[in-house]
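Please go through the structure below from its strands to its helices and then to the ligand. The paragraphs that follow take these parts in turn.

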Amino acid sequence: MALTPLVYWAQRHEDIYLRVELTDAQNIAVCVHENTLQFRAQGRGAKGQNDYEFSLAFLLPVKPEVSYKSTQRQVNVTVRKEQRGWWERLIVQERKPVFLAPDFDRWLDESDAEMEIRQKEEKKNRVRASRHKEEGFVSLKTGYLFVYNLVQFLGFSWIFINMTVRLFIFGQDSLYDTFHTISDVMFFCQILATVEVLNAAFGAVRTGIIPPLIQVVGRNFILFIIFGSLEEMHNRPVVFFVFYLWSTIEIFRYPFYMLGCFNTEWKTLTWLRYTVWIPLYPLGVLAEAVAVIQSIPIFDETKLFSIPLPKSIGSSASFSYILHIYLILMFLGLFINFRHLYKQRKRRFQTKKRKAN
Ligand SMILES: CCCCCCCCCCCCC[C@@H](O)CC(=O)SCCNC(=O)CCNC(=O)[C@H](O)C(C)(C)COP(=O)(O)OP(=O)(O)OC[C@H]1O[C@@H](n2cnc3c(N)ncnc32)[C@H](O)[C@@H]1OP(=O)(O)O
């Protein structure tokens, strides 16, 4: 004959919770029929291993669907009230059956339950508000990055197209006046590029700060110190090669970032962004090194930026000493960024391959 397990109950405005004291319950059958809950299971209760069962005729209508979860120690049953509200007792019968008792672990009186609902709602509202704020911030960041990348893309495209067209029209002659025709836009783009260091520093993009710092400091050194401050360098063909190599990568890199802002990609563009640098980077550093070497006699002659020294040592040290050190730093910078870009390339293509599998 089936025994009756101990049953503990608690309520909320919308639910009834029952905790049936049965360990390792098996063959559980729970249903609500004509507003009465029928429970049957095998398990270890107060009177040992046995068949256990009980039924409860609820005080007010409940929904026929019941959910339950069996743990090693008990069976938790949840019944939904047909109408939201607080019941003065659980069952129709006024006298409480002996197997039924309040579940003090979950027990709340009506006002506490209301408070719980209010707290839950407040938490939900807080989560919703912070999500809205986050979404607002994300879209602001995306908009800012998109505009930044667009401006750089337009700038470098103008440089690249202008130089290419001039090369076709004027041939070799175009190599000698690159600085005069291009430098203003290049100054603008390269000053703006310092933003990339800030983006990395403030976490606007997922990358380290060192690679963009090397890139921005390296290029601006060449642009402002070597080319900008020495008129003698303005008509040298090396300006053409440096500017052309810089802008070639950027016409792929910036549109790649622009698509990335909308979580989109165009496979060919991704491939170009993570491949074209392989020949361009060493060539770029080589062209920059040629520019530095060509500038050394000019700095020596003009004494521009020479470092004043105490009279006992000599009158001044030529800036070319700094340039010799810079030449070494350049190859160190090349090594760091080449390795960084190689890792980025591997990460990108490996992830893609894994995703495709
Ligand atoms: C400490 C100071 C020392 C100074 C020493 C000076 C030494 C000088 C050495 C000089 C060497 C420089 C030579 C150089 O000037 C020569 C040339 O440029 S030659 C031409 C060829 N050049 C190139 O190919 C390099 C081009 N540049 C770059 O690739 C980047 O500038 C670089 C910083 C090198 C690498 O970029 P990054 O680390 O950002 O890698 P990723 O592009 O893969 O981006 C990583 C993730 O961030 C997202 N991201 C990055 N930027 C943006 C952006 N603007 N908008 C949106 N998203 C961005 C990107 O999408 C990646 O995200 P995810 O991984 O999720 O896709």
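In what order do the five strands of the open sheet lie? The model is a predicted one, and in it the order is E6-E7-E2-E1-E8, with mixed pairing. Strand E6 (62–70) and strand E8 (100–102) are the edge strands; each has a single partner strand, so one side of each has no neighbour in the sheet. On average, neighbouring strands of this sheet are turned by 25° against each other, direction ignored.

Within this order, E7 is followed by E2. Strand E2 covers residues 15–20 and strand E7 residues 75–81, and the two pair in the antiparallel sense over six bridges. One position to look at is Tyr-17, whose bridge partner in E7 is Thr-78. For reading such strands, a general point helps: in a regular strand, side chains alternate between the two faces of the sheet.

A further antiparallel pair is made by strand E3 (residues 23–33) and strand E4 (residues 36–45), joined over seven bridges. Here Cys-31 has Gln-38 in E4 as its bridge partner. E3 and E4 form a hairpin with two residues between them. Glu-34, in the turn, has a positive phi of about 50°.

How is the chain divided into domains? The domain assignment gives domain 1 as 7–107 and domain 2 as 128–348. Taken over C-alpha atoms, the centres of domain 1 and domain 2 are separated by 72 Å.

The helices come next, with His-180 as an example. This residue belongs to helix H2, which spans residues 178–192. Is His-180 buried or exposed? A residue counts as exposed if 12 or fewer other C-beta atoms lie within 10 Å of its own. His-180 has 11 C-beta neighbours inside 10 Å and therefore counts as exposed. From His-180 to Phe-240 the separation is 60 residues in sequence and 11 Å in space, C-alpha to C-alpha.

The last part is the ligand. Around it are 33 residues, and the closest are Thr-207, Gly-218, Trp-277, Gly-284 and Gly-333. Which helices supply at least two residues each to this shell? They are helix H1 (110–170), helix H4 (210–228), helix H5 (237–260), helix H7 (277–302) and helix H8 (320–356). H4 gives the most, with eight residues. Sorted by class, the shell around the ligand holds 20 nonpolar, nine polar and four charged residues.

Conventions. Residues are numbered from 1 along each chain as its sequence is written. This is a predicted model: local features need pLDDT of at least 70, side-chain atom pairs count only at pLDDT 80 or more; totals for chains, interfaces and linings use all residues. A residue is near a molecule or strand if its C-beta atom, placed from the backbone, lies within 6 Å of it. Helices (H or I, at least four residues) and strands (E, at least two) are DSSP runs, numbered from the N terminus. Ala, Val, Leu, Ile, Met, Phe, Trp, Tyr, Cys and Pro count as nonpolar, Asp, Glu, Lys and Arg as charged, and the others, Gly among them, as polar. Domain bounds come from an automatic or database domain assignment. Two strands pair if DSSP finds at least two bridges between them. A residue is buried if 20 or more other C-beta atoms lie within 10 Å of its own, exposed if 12 or fewer, and partly exposed in between; C-beta atoms are placed from the backbone. Axes are lines fitted to C-alpha atoms, for helices over the stretch in contact, and angles run from 0 to 180 degrees between N-to-C directions.
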